[in-house]
Amino acid sequence: MNKLIISLITASFLFLSGCTGKTGNVNYNNNPEPLVSNAYIKLPLGSIKPEGWLLSQLEAQAAGLTGNVDDFWPDLVSSSWRGGTGEAWERGPYFLDGLVPLAYLLDDDRLKEKVKNWIEPIIASSSDSGWYGPEKNKDRWPLSVANKVLMQYYEAASDQRALEVLKKYFRYLHDNPPDWPDMDWRGVRAMENAVTGYWLFRQTGEQWILKTIASIQNNCFDWTDYYEKFPWDSAALADKRIPTARQSGGLTAHVVNNGMAIKYPGLWYQQSGNERYRNAVLAGIQKYDKIHGQAGGRFSGDEHLSGKSPDHGTELCSVVEYMFSLEELYAIFGDNSLADRLESLTFNALPGTTTPDMWAHQYDQQSNQVLVSVHKRSWSSNGDYSNIYGLMPNFGCCLANMHQGWPKFTSSLWMATNDNGLVAVAYSPSTVKAQVDNGTEVSIREVTDYPFKGDVKLEINTAKAVRFPLYLRVPGWADEVIFNYKGKTKTAIAGETVKLEEKWADGDQVTFSLQMDIRFEKRYNNSVSVLRGPLYYSLRIDKEFNSIKLNYDNYGYKGSIDWEIKPESAWNYGLMIDNANPGRGFEVAENPVTRYPFADKGDMVWSSDSAKYVKWDQEAAVVITTRGITIPGWTLKDNSSDIPPRSPVKATGTPKIIKLIPYGSARLRITEFPAIDLTRVVDVMRPGN
Ligand SMILES: [Zn+2]
């Protein structure tokens with residue numbers, strides 16, 4: 001945790017010293033006055049295209065649920081948002097919030113045709129009053145999601161009608177009384193409208209939009225006060241006072257609301273300019289970590305905040321919402337700790353809670369997840385189906401909302417800077433095409449297998465040589481990084497953003513290597529997690545997949561299967577870690593990252609190597625071999641792995657060779673390990689001894 005705090009402070013100083021004195025980007029709109037200028041500017045949808053494993057991932061998503069679910073799930077098939085007579089609330093807009101960016105990032109005609117079939121009825125529904133969407137919906141909440149859909153669609157398709165629908169709706173909000181009750185979703189989530197509101201202001205400069213946003217901020221639940229006081233603290237957890245009922249404040253302990261709301265003080269910072277709101281965001285994230293923090297950058301909530309114990313779950317909706325919040329917050333504050341967390345969620349929590357083919361997802365994921373089954377567990381309020389990988393476990397919100405995760409991450413890999421350059425926010429194989437300097441278009445191809453490997457090569461393509469600054473983020477976990485470019489080198493340290501300002505010519509390259517040493521993180525009950533780069537590594541457990549007839553036959557669509565997964569090998573291992581020489585006894589094997597050419601399903605980059613029966617369960621991209629000792633007293637409790645016994649644990653068994661694979665590749669896993677007391681077994685640490 002200390003390292004995190006240091007990186008927060010370092011990044012804040014960098015922000016203050018690195019981005020002042022500029023008048024703003026001439027190619028992309030930053031905030032006009034009277035708003036505070038943001039650190040960076042998000043690029044329009046379509047500027048960044050996935051490559052390498054990330055392309056495979058998005059293709060898998062297109063071949064999986066995102067590209068198909070609206071053909072067979074009744075809530076989407078007959079959605080009132082697309083002109084049907086069915087579901088008229090959040091599910092249509094949730095789905096489109098992921099489908100629209102996916103369709104345009106892949107430039108996929110089939111998906112774009114789907115988008116058209118949804119968007120045309122939505123545009124046609126815009127009424128004289130400014131209200132839009134299904135006639136039978138009277139609730140403002142789903143429109144705050146639909147706003148984000150229209151915003152992205154406008155950026156990618158340049159369809160002026162989408163902008164007009166949004167302007168009319170914000171005029172509706174301006175002209176009608178506030179309606180943001182604390183006891184309702186539209187009230188606790190009211191500031192979601194501000195995402196689109198500020199974007200609209202950047203497009204139009206019309207001041208009345210800011211009055212509308214101020215009215216929302218001043219008449220909805222006060223999340224800034226919430227983060228300052230943080231009522232759902234350790235004492236509330238110990239006393240079992242964290243509410244699940246709406247009337248007693250349950251909506252403020254609701255995990256998805258928390259994942260969304262962490263950006264709300266930051267959004268308002270743009271208009272208030274008051275440091276109080278930046279501080280509330282950073283304090284809120286620290287409190288989530290301290291009280292409810294889980295491996296992979298997330299916090300627990302099953303489905304209300306539920307502490308740090310690794311048997312507790314996190315709902316998928318909250319993972320993708322937290323990711324989106326971090327993408328927005330990074331543009332506003334430019335704080336590198338936010339990008340570190342975005343990578344952690346994207347590369348761990350997101351893939352860990354779906355199957356590699358994106359045909360099934362969980363409602364709740366666990367760090368120590370040793371049995372995936374329909375059983376009662378010690379969730380705060382969720383049902384018995386919550387941790388199976390399926391079509392619609394527990395409730396349908398995640399099936400509608402999960403689609404935004406990978407596409408929006410891809411769209412946020414690069415942002416524009418106020419001095420007409422570009423900044424690498426997060427790393428993944430991709431190409432960004434954007435305007436720099438005075439409107440010169442360049443493209444930068446990022447060749448990398450990150451986060452599995454640390455080497456990154458940037459190739460610059462430009463019709464004419466052009467001077468612009470290229471900013472590159474150094475992750476908070478990295479040691480000193482040396483950047484090589486144009487025969488020069490520049491060195492930077494963890495948490496910094498390095499600035500390379502050159503006259504860049506076609507074919508210029510920047511290369512660097514983010515050295516991925518094994519690291520350890522102390523977790524619940526003194527347990528230990530293993531990290532390498534941004535990835536958490538979990539115990540590889542042999543497993544048996546059983547398809548259960550929960551949802552997959554209900555809709556007559558054979559692509560969808562509900563899976564229970566049972567362990568077929570021991571999971572109750574403690575880890576042998578030599579604190580004097582932490583890397584000792586851990587051997588890393590890097591495999592080729594994209595090599596599963598299933599033409600119909602894309603490459604399965606988040607596969608693991610331990611199951612029979614399912615074709616997407618291949619060898620993991622990185623495998624770490626080490627040794628552990630089983631702890632006989634550590635068993636199941638309430639159908640989950642019991643909390644890890646307090647470390648260090650005295651173990652008498654024989655050390656065994658075990659394998660660790662990325663959290664995102666492990667559908668069964670131990671991620672928070674007891675640490676073995678090594679005083680008696682230190683001489684057998686190295687595999688092969
Ligand atoms: Zn959900």
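Modeller: Angles under 35 degrees count as roughly parallel, over 145 as roughly antiparallel, 65 to 115 as roughly perpendicular and the rest as oblique. This is a predicted model: local features need pLDDT of at least 70, side-chain atom pairs count only at pLDDT 80 or more, and totals for chains, interfaces and linings use all residues. Residues are numbered from 1 along each chain as its sequence is written, and side-chain values use heavy atoms, without hydrogens and water.

Biologist: Are α10 and α16 roughly parallel or roughly antiparallel to each other?

Modeller: Helix α10 spans residues 192-204 and helix α16 residues 264-272 (DSSP runs of H or I, at least four residues). Their axes, fitted to C-alpha atoms over the stretch in contact, lie 9 Å apart at an angle of about 30° (scale 0 to 180 degrees, N-to-C directions). The two helices are therefore roughly parallel.

Biologist: How many nonpolar residues does the contact of α10 with α16 have?

Modeller: From α10 come E192, A194, V195, Y198 and R202; they meet Y264, L267, W268, Q270 and Q271 of α16 (contact: heavy atoms within 4.5 Å). Ala, Val, Leu, Ile, Met, Phe, Trp, Tyr, Cys and Pro count as nonpolar, Asp, Glu, Lys and Arg as charged, the others, Gly among them, as polar. By class, two residues are polar, two are charged and six are nonpolar.

Biologist: Which strands stand at the edges of the five-strand sheet?

Modeller: The sheet is open, pairing is mixed, and the order runs β1-β5-β6-β10-β13 (strands: DSSP runs of E, at least two residues; pairing: at least two bridges). Each edge strand has a single partner, so one side of it lacks a neighbour in the sheet. The edges are β1 (40-42) and β13 (497-504).

Biologist: Which residue in β6 stands opposite W414?

Modeller: Strands β5 (residues 414-417) and β6 (residues 422-424) run antiparallel, joined by three bridges. Opposite W414 stands A424.

Biologist: Which helix lies across β1, β5, β6 and β10?

Modeller: This helix covers residues 316-333. Against β1 it runs at about 135°. It is α18.

Biologist: Is G24 buried or exposed?

Modeller: G24 sits in the loop between α1 (2-18) and β1. Beyond its neighbours within four places in sequence, G24 contacts N418 and N420. Its relative accessible area is 18%, and under 20% means buried, over 50% exposed, partly exposed in between (1.4 Å probe, protein chains only), so G24 is buried.

Biologist: Which residue in β12 is the bridge partner of N484?

Modeller: β11 (residues 481-485) and β12 (residues 488-492) pair antiparallel over five bridges. They form a hairpin with two residues between them, and K486 in the turn has a positive phi of about 45°. N484 has as its bridge partner T489.
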